[in-house]
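Trainee: I am new to this structure and would like a close look at one part of it. Could you start from a single residue and then walk me outward from there?

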Amino acid sequence: MKVSRFASIAFLFFLAWAVPCGAQTTVAGKISARHTTYNFGTVKEKDGEATHTFWLRNLTADTLHVVRYEVSCNCTDAKFVQKQLLPYGRMAVTLHYNPVHRSGPFLQDASIYFAGIDEPLVFQVEGSVQPSPWSEGVEMVCTLGRGLFLDCKELYLLDVKAGERRTFHVSVHNSTDRSLVLGFDESGVERKGVSVEVPEGAVVDPKETRTLTFSVVQPDTHEGMAVLPVWVNGKRVKPLRIQWFSSHIK
């Protein structure tokens, strides 16, 4: 049977519409994502964080709630515009990868857990970090000022019960040729009901990278943000943010 040129073209358009580009991932028949992996290619350390947004779709008539997420490395984080997926609605999840103090290939993932669904939805990012020497004048995502760099922008508590304590290990780098004496004013966050333990008398030698430990107690409020004032050699620089969100607190 002879098929007309018009019919052939129409059939090709139908295939392009009906067949999705790439395999779609579905979890428990309730949530779908068009793609769950992303390759950044080459990420330059000096450019700071690399981000990519994934989209989820609710396949049910029920509202689905994010209860927690887990990441494979503290170099990776997941950010949500909202923590609930409305019936048949869409939701964005943005993965942030921090290349500071890392070089070469990387493969990291974030597992998103929803209430009532045992299986997580797993997103994965990969690429290769092109390292660059630390120097003054290089704008990093986590620059606080006066030559001090951090490997995170905030201390984030997700779904922690009121009164529970979380410990954060933060890498700091001194890009200068002089020692930096760090100071933190916890009274700035205590006014918002946040209890935090900070490093006392931390000194970072020239060109040194070291780890500082912070301990934060979950406030008794559902969500919020506070800023922890930071001083370097007696001069105030950008603060460190503390944010929290907990479904355990109404």
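Mentor: Happy to! Let us begin with S246. Leaving aside its neighbours within four places in sequence, S246 is in contact with D159, V160, K161, Q218 and H222. Please keep in mind that this is a predicted model. One of those contacts can be described in finer detail: the side chain of S246 reaches the backbone oxygen of V160 at 2.8 Å. Another of the partners, Q218, is 28 residues away from S246 in sequence, and the two C-alpha atoms are 8.7 Å apart in space. As for where S246 sits along the chain, look in the segment after β20, a strand that covers 235–245. Is S246 buried or exposed? Its relative accessibility is 0%, so S246 counts as buried.

Now let us step back to the whole chain. It has 2 helices and 20 strands. Of its 250 residues, 44% count as buried. If you take the contacts in the chain with a separation of 6 or more, residues 24 or more positions apart account for 66% of them.

The strand just before S246 leads us to the pockets. β20 is among the elements that give two or more residues to the lining of the largest pocket, together with β5 (64–71), β6 (76–80), β13 (154–158) and β14 (165–174). About 730 Å³ of space lies in this pocket. Its lining has 28 residues, and those nearest the centre are Y69, D77, E154, Y156 and F168. Sorted by class, the lining of the largest pocket has 12 nonpolar, 7 polar and 9 charged residues.

The second largest pocket has a volume of about 170 Å³. Around it you will find Q24, S32, A33, R34, H35, W55, L56, R57 and R90. At least two lining residues each come from β2 (31–33) and β4 (50–58), with β4 giving the largest share, 3 residues. By class, this second lining has 3 nonpolar, 3 polar and 3 charged residues.

From β4 we can follow the chain into the loop between β4 and β5, where T60 is found. T60 has a relative accessibility of 12%, which is why it counts as buried. Not counting residues up to four places away in sequence, T60 touches K30, P87 and Y88. Y88 deserves a look of its own. This residue is in the loop between β7 and β8 (90–97), and its phi is near 55 degrees, a positive value in a residue other than glycine. In contrast to T60, which counts as buried, Y88 counts as exposed because its relative accessibility is 53%.

You can see a similar backbone feature elsewhere. K207 has a positive phi of about 60 degrees although it is not a glycine. The place to look for K207 is the loop between β17 and β18 (209–217). At 44% relative accessibility, K207 counts as partly exposed.

β5 and β7 also bring us to a sheet. This open sheet of 5 strands has the order β3-β10-β9-β5-β7, and its pairing is mixed. Its edge strands are β3 (37–44) and β7 (84–85), each of which pairs on one side only. At the β3 end, β3 pairs with β10 (residues 121–130) in the parallel sense over 6 bridges. Within this pairing, N39 has E126 in β10 as its bridge partner.

Let us finish with β15, which covers residues 180–184. In a regular strand, side chains alternate between the two faces of the sheet. In β15, the covered face holds L180, L182 and F184, while V181 and G183 are on the uncovered one. Which strands pair with β15 in the antiparallel sense? One is β17 (residues 202–204), which pairs with β15 over 3 bridges. There, V181 has V203 of β17 as its bridge partner. Another is β19 (residues 223–232), joined to β15 by 3 bridges and also antiparallel. In that pairing, F184 stands opposite V230 of β19.

Key. Residues numbered from 1 in each chain as written. Predicted model: local features only at pLDDT ≥ 70, side-chain atom pairs only at ≥ 80, totals over all residues. Heavy atoms only, no water. Pairing = 2+ DSSP bridges. Helix = DSSP H or I, 4+ residues; strand = E, 2+ residues; numbered from the N terminus. Buried < 20%, exposed > 50% of the residue type's maximum accessible area, 1.4 Å probe, protein only. Contact = heavy atoms within 4.5 Å. Polar contact = N/O pair within 3.5 Å; in protein donor to acceptor, adjacent residues only side chain to side chain. 1 Å grid on protein atoms, 1.4 Å probe; cavity = no way out; pocket = protein on both sides within 12 Å on 5 of 7 lines; lining within 4 Å. Points joined across faces, edges and corners; volume = space filled by probe spheres on them. Nonpolar A, V, L, I, M, F, W, Y, C, P; charged D, E, K, R; others polar.
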